[in-house]
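Notebook open, coffee poured. I want to go through this fold piece by piece and jot down what I look up.

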Amino acid sequence: MTPACNLLKKKKIPFSVHEYEHDAACTQFGLEAASKLSLAPQSIFKTLLVSDGKQLYVAIIPVTHTLSLKKAAAHFGVKKLTMADANEAQKSSGYLIGGISPIAQKKALLSAIDISAQALVSIYVSGGKRGLDIGLKPDDLIKACGRAQYADLKDE
């Protein structure tokens, strides 16, 4: 079990585990998960780490969209954000790229989940390794992340 699954169990938050064989040549991790798990792509959310140069933040958006750095910066109350360096993201989260879970990261960061999640019964996020997704209610993801809120984050 990953730290994400262990934390959900500890907090008694209901979740489902969905495993699939990850293709090492695939870099579109979320779309691969949707295809291999036969799930609607808009219900799969990716975990992105962004930086203002001083601090990291977590943005969780549907894999079918791109992150609006401008909207994320406004939400987090900073002037400008860029995508975090891959090594920095891995070091901060404790997970590998393509398997970064928003849950049970090594360093607790302010997090935002795109508001589109509120319209879904369940969403799927990385369970902490490539080839492992977890399904849970959006409000339960808010609880599991600790320092998370809903926000308008995706480009239109």
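Below are my entries, grouped by topic.

**Entry 1: the model.** First a reminder to myself: this is a predicted model.

**Entry 2: the three-stranded sheet.** I started with the sheet that reads β1-β7-β6, an open one with antiparallel pairing. I looked up its edges and got β1 (16–19) and β6, each of which pairs on one side only. I also checked the twist: neighbouring strands here are turned by 35° against each other on average, direction ignored. Then I went to the β6 and β7 pair, where I found five bridges in the antiparallel sense. One position I wrote down is V125, whose bridge partner in β7 is I134. What lies across this sheet? I found α1 there, lying across β1, β6 and β7. Its angle to β7 comes out at about 25°.

**Entry 3: β2 and its partners.** Next I followed β2, which runs antiparallel to β3 and is joined to it by seven bridges. For a register check I took T47 and found I60 as its bridge partner in β3. The hairpin of these two strands has four residues between them, and I noted that G53 takes a positive phi near 95° there. β2 also pairs with β4 (residues 82–83), again in the antiparallel sense, over two bridges. In that pairing I see V50 opposite M83. Is β2 mostly covered or mostly open? Mostly covered: I have six of its seven residues down as buried.

**Entry 4: the nonpolar cores.** I had the general rule in mind that in soluble globular proteins, nonpolar side chains tend to be buried together. The largest nonpolar core here has 27 residues, and L49, I60, I103, V125 and L141 touch the most other members. I listed the elements that give it two or more residues: α1 (3–10), β2 (45–51), β3 (56–62), β6 (123–129), β7 (132–136) and α5 (138–145). Which element gives the largest share? That is α5, with four residues. Another core lies apart from this one, with 14 residues, including A59, V78, L81 and L153.

I then picked I103 for a closer look. Setting aside residues up to four places away in sequence, I103 touches A4, L7, L8, Y95, V125, I134, L136, L141 and A144. V125 and I134 on that list are the bridge partners I noted in β6 and β7.

**Entry 5: cysteines.** How many disulfides does the structure hold? Zero. For C5, the nearest cysteine sulfur is that of C145, 13 Å away. With a disulfide cut-off of 2.5 Å between sulfurs, I can leave this pair unbonded. C5 counts as buried because its relative accessibility is 1%. C145 is at 13%, so I count it as buried too, under the 20% limit.

**Entry 6: Q90.** Last I looked at Q90, which lies in helix α4 (residues 86–93). Buried, partly exposed or exposed? With a relative accessible area of 22%, Q90 is partly exposed. Beyond its neighbours within four places in sequence, I find Q90 in contact with Y95, L96 and I97. The side chain of Q90 also reaches the backbone nitrogen of I97, at 2.9 Å. I checked I100 as well: it is ten residues from Q90 along the chain, and their C-alpha atoms are separated by 7.6 Å.

Methods: Residues are numbered from 1 along each chain as its sequence is written. This is a predicted model: local features need pLDDT of at least 70, side-chain atom pairs count only at pLDDT 80 or more; totals for chains, interfaces and linings use all residues. Side-chain values use heavy atoms; hydrogens and water are left out. A nonpolar core is a set of buried Ala, Val, Leu, Ile, Met, Phe, Trp, Tyr and Cys residues joined through side-chain atoms within 4.5 Å. Buried means under 20% relative accessible area, exposed over 50%, partly exposed in between (1.4 Å probe, protein chains only). Contact means heavy atoms within 4.5 Å. Two strands pair if DSSP finds at least two bridges between them. A polar contact is a pair of N or O atoms within 3.5 Å; within protein, one must be able to donate a hydrogen and the other to accept it, and residues adjacent in sequence count only if both atoms are side-chain atoms. Axes are lines fitted to C-alpha atoms, for helices over the stretch in contact, and angles run from 0 to 180 degrees between N-to-C directions.
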